[in-house]
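Visitor: I have a few "how do you know" questions about this one. Mind going through them with me?

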Amino acid sequence: MAATVRIQSDWNQVLRRNEGEAWLSCRSPGKPTLYGSLTCQGVGSDGVPEISASEGFVVNEITKKSILVSCPHENVSTKFLAPYTSFCRIHQKSILCIDISSGGGLGVSSSTDGTMKVWQAANGEIRRLLEGHVYDVNCCRFFPSGLVVLSGGMDAQLKIWSAEDASCVVTFKGHKGGILDTAIVDRGRNVISSSRDGTARLWDCGKSACLGVVADCGSPVNGIALCVADNTVNLGSPEKAPSEREIGTEGKILLLAREDKKLQGVGLQSRQPVFLFVGSDAFNCCTFLSSIYLLAGTQDGNIYQLDVRNTKAPVQIIHRSGAPVLCLLPYRDGFIASQGDGTCFIIQQDLDHVIDLTEADCDPVYKVATWEKQVYTCCRDGMVRRYQLSDI
């Protein structure tokens, strides 16, 4: 575990006031935490504040929305980014899931207030209310077209909606427990869902039928991810010829993040196990960085990077805090991760500093979505935040 620099969640408001002060800390494993502060010495005509740091910290760079702080003693730097804009009116309660359409124009989100909404990504204006699930909607995502939404709920139903007129066009039934995650195969003739009932299922959208159980784990499947496998990976062969309704399942590997501390890889078409990796705690989420490398996050704060060709030992384990890892997704040549303590950070290979997306104050950031250089987060505090990464 490397040293981590933290900052007061509302630093961007506080440091715009003359003599405003925000706390900082640098924590390194096995050493006492270094505490410090940033103080505003005034705001320039360009709207950028003049900031001084207390002993042990250095301000390297500052813009209207970001500040790069280093702790030379621990040789660590973090760029803290404030939201470009925040939407507080989309939902009244905790937001569980968010996605942005392929064109970047629309967002979809679901909340513990029982609603799922489609809204304009630019200003948060609500366009459609998608009503039909009973209880909470755990997951929602756009199809590649950006005009259709796939959702899964605690009611064990998987639904497909038109984002244009809010009609529910297909309902899939078959799971015996709440749906926890979904994946879309290619353009979306087939989709996949994972559930508390321990199964991952493949569905045919055209006939609203289940094409089969891809995996039966005997433990809730909290998250799934799908990727074209590297051709050196043996995906196994199906025991019987696949249905002609299966479109685009060949050559793909499905990742399953399981509650029983296991991360599993399965051949989507073959339904055969490819690997099984045991982690330190329940796996909450997973994603592919490439056809070879994958990431998976656990309840106790570990992010495992694995090579599908050899999963005996992780390539690396990243651990920034003991809070549950809730969301992982690839970004440029790195990844974005969010955790249960309100942190959301970006690690990129070519950057010598971590980018921290700030403002959530100890409230879990449940999901992250990206569109080009914009990052959207949804949080227990009921806010959707949009960050602009263009100046990074």
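Guide: Sure, here are the questions, each with its reasoning; keep in mind that this is a predicted model.

Visitor: What makes the protein chain as compact as a globular protein of its length?
Guide: Start with the make-up: the chain has 1 helix and 35 strands. The globule rule, 2.2 Å times the number of residues to the power 0.38, gives 21 Å for 392 residues, and the radius of gyration is 22 Å, close to that, so the chain counts as being as compact as a globular protein of that length. Its C-alpha atoms fill a box of roughly 70 × 50 × 30 Å along the principal axes.

Visitor: How many of the residues are buried, in percent?
Guide: Buried means under 20% relative accessible area, and 57% of the 392 residues are buried. As for the accessible surface, that is about 16,400 Å², with 46% of it belonging to carbon and sulfur atoms.

Visitor: Now the sheet with β9, β10, β11 and β12. Why are β9 and β12 at the edges?
Guide: The open sheet runs in the order β9-β10-β11-β12, with antiparallel pairing. β9 (95–100) and β12 (126–129) each have a single partner strand, so one side of each has no neighbour in the sheet. From one strand to the next, the twist averages 20°.

Visitor: How do you know that β9 pairs with β10?
Guide: Pairing takes at least two bridges. Here 5 bridges join β9 to β10 (residues 106–111), so the antiparallel two meet that cut-off. Within this pair, C97 stands opposite S110 in β10.

Notes. Residues numbered from 1 in each chain as written. Predicted model: local features only at pLDDT ≥ 70, side-chain atom pairs only at ≥ 80, totals over all residues. Heavy atoms only, no water. Helix = DSSP H or I, 4+ residues; strand = E, 2+ residues; numbered from the N terminus. Axes fitted to C-alpha atoms, helices over the stretch in contact; angles between N-to-C directions. Buried < 20%, exposed > 50% of the residue type's maximum accessible area, 1.4 Å probe, protein only. Areas by Shrake-Rupley, 256 points an atom, 1.4 Å probe, with all protein chains shown as cover.
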